[in-house]
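Subject: Handing over the structure

Hello,

I am passing on the structure we talked about, with the sequence alongside it. Please open both and keep them in view while you read the rest of this message.

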Amino acid sequence: MNTKYSDLINQTYYFPQTEFKLNKDNLQFHNIDLMKLVEQYGTPLKFTYLPQISENINKAKSWFRKSMEKNKYDAKYYYCYCTKSSHFEYIMNEAFKNNIHIETSSAFDVNIVENLLENGKINKSTYVICNGFKRDEYITNIARLINSGHKNTIPIIDNYEELDLLQAEIKGKFKIGIRIAAEEEPKFEFYTSRLGIGYKNIVAFYKKQIQENDRLELKMLHFFINTGINDTSYYWNELVKCIKVYIALKKECPTLDGLNIGGGFPIKNSLAFEYDYQYMIDEIINQIKIACDEAEVDVPNIFTEFGSFTVGESGGAIYQILYQKQQNDREKWNMIDSSFITTLPDTWAINKRFIMLAVNRWNDTYERVLLGGLTCDSDDYYNSEQNMNAIYLPKYNKEKPLYIGFFNTGAYQETIGGYGGLHHCLIPQPKHILIDRDENGILATEVFSEQQTSDDVLKILGYTKKV
């Protein structure tokens, strides 16, 4: 009988895969021996594999280049990094090795942009696309950036009042974009995005407030779908509506030459994941080209804002199974040495699933289990994989420690979880390491942050030691 954990994975998925393979009965991720990491750094452990960031950026650039050549699309492509996915400096340093651009969401993002400029990570030719609902500090920071000479800063107008707020603080002429308030999928609790200006109002808004204003240069129409770029009738329908608005606006506004198709690519969330990135890009470029040619307007430069796609597949977390609790005839709870709520908050908040695999003991027999975190919250659990309503792991044996890994966790988890702050039930933030390769492919690791101590937490809470 095929009763080993390795048998289960092999008969359920195509395995090994590009990033996953076995060394005896231990899992390797991008040829990184994960058990060596455990032996060196312990658990719970977060890690970031930096080369994956550059790899994904350059894949996307290549896909768009091929598609534009195939469709004879006479315009440029600009890859922007969506900073809210992960603001860490080590992420920015790796991403901006690849001649890309940046999208911001709030006031402090602009401070990061200024730091990147000061340290030579980006330059005056880098586009800074300023999204989001803007009020005092964000407006002031955008104005400071433009007034300092960064003319490729493009604030994306989210509501009618923002134009006046920006003009009050920016000196001279500046570039702007307009965000379309896309209609959400029918399953959403609301019909239209809270961000942007409605499809039917954009041309009228341009004519009334922008067309005759010699201080404003409209350069971009911004289109964002909350659920991302997917091969669904909903996505294609919204894209067609967006293209129609672009064409109508372009006929009124000669300076308009950019279409931002914000809304990210999906990333691998299961070993059964399938997505044809090249096909999707070909279809998007082809539809824009056909519509513009028929309308006799120039095709726009294409901007994308990829966040999760940029950083998601670089991240991972490793936990040890501390103990197994048999709660009834059917349910076995494997308790991890951390908390899902605090370290992978999307599993709790939006029921997100990541790739989850045993790190060791692949040649042992397996069992069905539930995974529980350390907090005293009933929602601190993980109970299924992306394509199976169950979790299977090598059988618990207190004499043989078991380690499990969650992969492609690099987007949003640290910021949503409150990096460096307080966590539910005061479960400490895990140690985090960075993994890189030199020009010869030699692996190097370094500790980015140590696990939180009780002193760290008590200091945040306001407790002071008696002198």
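What follows is a walk through the structure, from the whole chain down to single residues.

Please bear in mind from the start that this is a predicted model.

**The chain as a whole**

The protein chain contains 15 helices and 22 strands. Its radius of gyration is 24 Å, which is close to the 23 Å that the globule rule gives for 467 residues, so the chain is as compact as a globular protein of that length. If you lay the C-alpha trace along its principal axes, it spans about 75 × 65 × 50 Å. Of the 467 residues, 55% count as buried, and the chain exposes about 21500 Å², of which carbon and sulfur atoms supply 48%. Among the contacts with a separation of 6 or more, 73% are made by residues 24 or more positions apart.

**Helix H1**

Which residues of helix H1 are buried? In this helix, which runs over residues 5–12, they are Tyr 5, Ser 6, Leu 8 and Ile 9. These residues lie on the same side of H1, because they cover an arc of only 160 degrees around the axis. It may help to recall that an α-helix has 3.6 residues a turn, so residues three or four places apart point the same way. The buried residues of H1 pack against four strands that you can look up in turn, namely E1 (20–23), E16 (355–358), E17 (366–372) and E19 (391–394).

**The nonpolar cores**

The largest nonpolar core has 87 residues, and those with the most contacts inside it are Ile 210, Leu 218, Leu 221, Phe 265, Ile 302, Phe 306 and Phe 309. Helix H9 (residues 233–252) gives the largest share of this core, with ten residues. Another core, of 44 residues, lies apart from it and includes Phe 354, Leu 357, Tyr 382 and Ile 435. To see one residue of the largest core in its surroundings, take Phe 265, which, leaving out residues up to four places away in sequence, touches Trp 63, Ile 229, Tyr 275, Tyr 277, Ile 281, Phe 306 and Phe 309.

**Cysteines**

The structure holds zero disulfides. For Cys 82, the nearest cysteine sulfur is that of Cys 80, at 9.8 Å, and Cys 82 counts as buried because its relative accessibility is 4%. For Cys 253, the nearest cysteine sulfur is that of Cys 292, at 14 Å, and Cys 253 also counts as buried, at 2% relative accessibility.

**Two loop residues**

Gly 307 sits in the loop between strand E13 (301–306) and helix H11 (308–311), and with a relative accessible area of 5% this glycine is buried. Apart from its neighbours within four places in sequence, Gly 307 is in contact with Tyr 81, Cys 82, Ser 85 and Gly 312. Its C-alpha atom is 7.8 Å from that of Ser 86, although the two residues are 221 residues apart along the chain.

Asp 379 lies in the loop between E17 and strand E18 (381–382). Is Asp 379 buried or partly exposed? At 38% relative accessibility, it counts as partly exposed. Asp 379 touches Ile 341 and Trp 348, again not counting residues up to four places away in sequence. The C-alpha atoms of Asp 379 and Ile 142, which are 237 residues apart along the chain, are separated by 40 Å.

Best wishes

Note on methods. Residues are numbered from 1 along each chain as its sequence is written. This is a predicted model: local features need pLDDT of at least 70, side-chain atom pairs count only at pLDDT 80 or more; totals for chains, interfaces and linings use all residues. Side-chain values use heavy atoms; hydrogens and water are left out. Buried means under 20% relative accessible area, exposed over 50%, partly exposed in between (1.4 Å probe, protein chains only). The arc is that of the directions from the helix axis to the C-beta atoms. Contact means heavy atoms within 4.5 Å. A nonpolar core is a set of buried Ala, Val, Leu, Ile, Met, Phe, Trp, Tyr and Cys residues joined through side-chain atoms within 4.5 Å. A disulfide is a pair of cysteine sulfur atoms within 2.5 Å. The radius of gyration is taken over C-alpha atoms; the globule rule is 2.2 Å times the number of residues to the power 0.38. Accessible areas come from the Shrake-Rupley method with a 1.4 Å probe; for residues, only the protein chains shown count as cover.
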